[in-house]
Amino acid sequence: MPRVVIDYSKCNLSKQCMDVCPVGVFDIQDGKMVALRQDDCTLCQACVQSCPQSAIKVTDEPPMPVEEQLKTAKKS
Ligand code: SF4
């Protein structure tokens with residue numbers, strides 16, 4: 001199962017990941033980019049390659065719930 005991790009200390013909301021993701025994994029919540037539909041991720045790595053901030057990592061670990069992602073964002 002894919003886990004899409006956004007490093008919030010780097011993300012500047014360029015939205016490149018939203019533009020390139022072929023399955024619409026990304027969404028913006030509370031003013032932060034989140035990986036909402038990680039179950040749909042095909043591990044294509046297009047988001048990783050397109051991010052100008054190198055802020056995205058995609059692994060085959062279990063997905064991180066959006067609430068946890070936003071907690072991470074608040075700490076960054
Ligand atoms: S790896 Fe591909 S499918 Fe998965 S979130 Fe990134 S762009 Fe979307």
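Is Q53 buried, partly exposed or exposed? The model in which this is asked is a predicted one. Q53 is partly exposed, because 14 other C-beta atoms lie within 10 Å, and a residue counts as buried only if 20 or more do so, and as exposed if 12 or fewer do. Q53 belongs to the loop between α2, residues 46-50, and β4. In this loop, Q53 meets a part of the chain that is distant in sequence: Q53 and C11 are 42 residues apart along the chain, yet 6.3 Å separates their C-alpha atoms. Setting aside neighbours up to four places away in sequence, the contacts of Q53 are K10, C11, N12 and S14.

To place this loop, it helps to look at the whole chain. The chain holds three helices and four strands. Read from the N terminus, these elements follow the order β-α-β-β-α-β-α. The chain has a radius of gyration of 11 Å, close to the 11 Å that the globule rule gives for 76 residues, so it is as compact as a globular protein of that length. Along the principal axes, its C-alpha atoms fill a box of roughly 30 × 25 × 15 Å.

The contact of Q53 with C11 links residues far apart in sequence, and the chain as a whole has many such links. If one takes the contacts between residues at least 6 apart in sequence, 68% of them join residues at least 24 apart.

Next comes the interior. Of the 76 residues in the chain, 22% are buried. In soluble globular proteins, nonpolar side chains tend to be buried together. Here the largest nonpolar core contains 15 residues, and those with the most contacts inside it are V4, C17, V25, F26, A35, C47 and I56. Three strands, β1 (3-6), β3 (32-35) and β4 (56-59), supply at least two residues each to this core. The largest share comes from β3, with three residues.

A35 shows how this core is joined up. Apart from neighbours within four places in sequence, A35 is in contact with V4, I6, V25, F26 and Q69. One of these, F26, stands opposite A35 in β3.

That pair leads to the strands themselves. Strand β2, residues 26-29, runs antiparallel to β3, and four bridges join the two. Another facing pair is I28 and M33, the latter in β3. Together β2 and β3 make a hairpin with two residues between them. D30, in the turn of this hairpin, has a positive phi of about 50 degrees.

Where else does the backbone take a positive phi in a residue other than glycine? Two such places are L13, with phi near 55 degrees, and K15, with phi near 70 degrees. L13 sits in the loop between β1 and α1, residues 16-20, and K15 lies in the loop between β1 and α1 as well. L13 is partly exposed, because 13 other C-beta atoms are within 10 Å. K15 also counts as partly exposed, with 13 C-beta neighbours inside 10 Å.

The model also contains a ligand. Which residues come nearest to it? Of the 15 residues around the ligand, the nearest are C21, V25, C41, C44 and C47. Two of these, V25 and C47, have been met already among the core residues with the most contacts. By type, the shell around the ligand divides into 13 nonpolar residues, two polar and no charged.

The last stop is M64, in the loop between β4 and α3, residues 66-75. M64 is partly exposed, because 17 other C-beta atoms lie within 10 Å, while a buried residue would need 20 or more. Leaving out residues up to four places away in sequence, M64 touches R3, V5 and Q69. Q69 has appeared before, as a contact of A35. M64 and T42 are 22 residues apart along the chain, and 16 Å separates their C-alpha atoms. For Q53 and C11, at 42 residues apart in sequence, the C-alpha atoms are 6.3 Å apart.

Technical notes: Residues are numbered from 1 along each chain as its sequence is written. This is a predicted model: local features need pLDDT of at least 70, side-chain atom pairs count only at pLDDT 80 or more; totals for chains, interfaces and linings use all residues. The radius of gyration is taken over C-alpha atoms; the globule rule is 2.2 Å times the number of residues to the power 0.38. Two residues are in contact if their C-beta atoms, placed from the backbone, lie within 7 Å. A nonpolar core is a set of buried Ala, Val, Leu, Ile, Met, Phe, Trp, Tyr and Cys residues joined through C-beta atoms within 7 Å. Two strands pair if DSSP finds at least two bridges between them. A residue is near a molecule or strand if its C-beta atom, placed from the backbone, lies within 6 Å of it. Ala, Val, Leu, Ile, Met, Phe, Trp, Tyr, Cys and Pro count as nonpolar, Asp, Glu, Lys and Arg as charged, and the others, Gly among them, as polar.
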